[in-house]
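Colleague: I'd like to learn how you read a model like this one. Could you walk me through it, feature by feature?

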Amino acid sequence: MGAELALLGGDKSVRQPVKPYASIGQKEKAAVLDVLESGCLSGFYGNWSPLFLGGPVVRRFEEAWASRFAVPHAVSVNSATSGLFAAVGAAGVGPGDEVIVPPYTMSATAMAPLVYGGIPVFADIEADTFCIDPDSVAQLLNDRTRAVIAVNLFGHPARLAELKAMTDKAGVVLIEDNAQAPLAAEQGQLAGTVGDIGVFSLNYHKHIHSGEGGVCVTRSDDLARRLRAIRNHGENVVDEMDLADITNMIGFNYRMTEMSAAVGIVQLEDVYDHVAKRQDLAEAFSREIGALEGITVPSVRSECRHVYYVWAAKIDKRRLGVTRGAFCKALKAEGVPLSEGYVRPLYHLPVFQRRHALGRDGFPFTLTKRRYDGELCPVVEKMHREELFLIETCSYDYNDALVGEIIDAFRKVHAARDKLRSLEAAG
Ligand SMILES: *Cc1c(COP(=O)(O)O)cnc(C)c1O
């Protein structure tokens, strides 16, 4: 039945090389050349002066970002990791304070609290959108909680309105890690702009990029001032900035260069096009692959826009008849660029398992009774171990033929399930 699997020596379904996506074009090159010719590669000064807030291109980039996302303040930084660290600092997190985070995310989300001696507390995720589950958050909130970090994972918004109502009521700060979800939306509200602070990434692998870079957005004048202070050696300028509360005003250097800002301006102008490409691609995958029994394609909650930083699907091994391992191995042999699972649940990392972060004596875990043993978050464990697989939409240069070949690979491998099952049984 059908063509021989590549796994067993047949021809690969994906016949062309899968090339990296290059989004840098003439406009970006010209913008960077302008900066180089100006001779000013960074306009920042670490003391109080008109340049404390950055050079002309950085300022223009921030204005453009604020206007695109319809927020009063956009604070550029040199990565989303820096942005998360600044956000946790601005939120006033201190030693022993708890910060609720999901464990299925890039590690920086969960490291940010630790930088200030805060305690990451892991909430489980929803099995359909893979974002933090508000019910799990509600169970973990207590009077030591200082902030919640919701991640709009894979490009789908978490239950942001619900989380914002919950955190407002509890008097804690909601930070959105929106590194993967520019232009995603819930009920018409752009992801990243619902929480008290939203953090975007401009890392090379994201929807739009400037090599490295990030942006924090906020509606709060006070949080914006704190973010700007932390970005640039804030301890020197708290008097001039009129910051009476100097909690966490030990500043870093998280400043973006003029060149990155120049690239960022151009990429931002084209953000709708870059994102629309990934949406079209993901919708094609969902339409065709979703027709195959045993595979659950990404779901989009009602009144939400998914921007598909990755296309993440699930395998139901009973309905499919084979395990994720066997199915994905056959797909990879066909040349499909996929990953089994995403990251390991972050509480499995040595920093939590060994409770060893800052210094040698276990700080800040010495301040908490929380433990990270066992399977803290059952839904995440299940995704990690047997259900989730993903295809990166931002990293590769897809054309119609390649998309067709990938879909053919799924159909071919799906049609050969019986064979895969007997191979698996034979070991
Ligand atoms: C990429 C990413 C980050 C980190 O972004 P950088 O700009 O590379 O520091 C943080 N959180 C999530 C969810 C990410 O995907």
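Modeller: Sure, let's go from the overall fold to the ligand and then to some local details. Keep in mind that this is a predicted model.

Colleague: Where do you begin? How many helices and strands does the protein have?

Modeller: I start by counting elements: there are 15 helices and 14 strands in the protein. Next comes overall size. The radius of gyration is 23 Å, close to the 22 Å that the globule rule gives for 427 residues, so the protein is as compact as a globular protein of that length. Along the principal axes, the C-alpha atoms fill a box of roughly 75 × 55 × 40 Å.

Colleague: And what do burial and contacts add? What share of the residues of the protein counts as buried?

Modeller: Here 57% of the 427 residues count as buried. For surface, the protein exposes about 17800 Å², and carbon and sulfur atoms supply 50% of that. Then I ask how far along the chain the contacts reach. Taking contacts between residues at least 6 apart in sequence, 71% join residues at least 24 apart.

Colleague: Now the ligand. Which residues come nearest to the ligand?

Modeller: The ligand has 14 residues around it, and T81, D177, Q180, S201 and K206 come nearest. I'd sort that shell by class: four residues are nonpolar, eight polar and two charged. Then look at which atoms pair up. The side chain of D177 has an N or O atom 2.7 Å from a nitrogen atom of the ligand. Q180 places a polar side-chain atom 2.8 Å from an oxygen atom of the ligand, and S201 has a polar side-chain atom 2.7 Å from a ligand oxygen. As for cover, the ligand taken alone exposes 380 Å², and the protein buries 92% of that.

Colleague: T81 also sits at a helix, doesn't it? How should I read a helix in its surroundings?

Modeller: The general idea first: an α-helix has 3.6 residues a turn, so residues three or four places apart point the same way. With that in mind, check burial along helix 3, residues 80-90. In this helix 10 of the 11 residues are buried, so helix 3 is largely enclosed by the rest of the structure.

Colleague: Which residues of helix 3 are buried?

Modeller: They are A80, S82, G83, L84, F85, A86, A87, V88, G89 and A90. The ends deserve a look too. At the start of helix 3, a side-chain oxygen of S79 comes within 3.3 Å of the backbone nitrogen of T81. Just after the helix, G92 has a positive phi of about 85°.

Colleague: What about backbone angles that stand out elsewhere?

Modeller: The background is that most residues other than glycine have a negative phi, and most peptide bonds are trans. Against that, A70 has a positive phi near 50°. A70 lies in the loop between helix 2 and strand 1, and its 55% relative accessibility makes it count as exposed. Y308 also has a positive phi, near 50°. Y308 belongs to the loop between strand 11 (304-305) and strand 12 (310-315).

Colleague: Is Y308 buried or exposed?

Modeller: Y308 is buried, with a relative accessible area of 4%; the cut-off for buried is under 20%. As for peptide bonds, the one from F363 to P364 is cis, with omega near 0°. P364 is in the loop between helix 12 (350-353) and helix 13 (378-387).

Colleague: Back to the loop with A70. What does V71 contact, leaving aside its neighbours within four places in sequence?

Modeller: V71 is in contact with A66, T193, V217, T218 and R219. V71 is in the loop between helix 2 (56-68) and strand 1 (73-77), and at 8% relative accessibility it counts as buried.

Colleague: And in strand 1 itself, which side chain makes a polar contact with H73?

Modeller: That is D221: a polar contact of 2.7 Å joins the two side chains. H73 is in strand 1 and counts as buried at 13% relative accessibility. Beyond residues up to four places away in sequence, H73 touches C216, V217, T218, R219, S220, D221, A224 and R228.

Terms used:
Residues numbered from 1 in each chain as written. Predicted model: local features only at pLDDT ≥ 70, side-chain atom pairs only at ≥ 80, totals over all residues. Heavy atoms only, no water. Near = heavy atom within 4 Å. Polar contact = N/O pair within 3.5 Å; in protein donor to acceptor, adjacent residues only side chain to side chain. Areas by Shrake-Rupley, 256 points an atom, 1.4 Å probe, with all protein chains shown as cover. Nonpolar A, V, L, I, M, F, W, Y, C, P; charged D, E, K, R; others polar. Buried < 20%, exposed > 50% of the residue type's maximum accessible area, 1.4 Å probe, protein only. Helix = DSSP H or I, 4+ residues; strand = E, 2+ residues; numbered from the N terminus. Rg over C-alpha atoms; globule rule 2.2 N^0.38 Å. Contact = heavy atoms within 4.5 Å.
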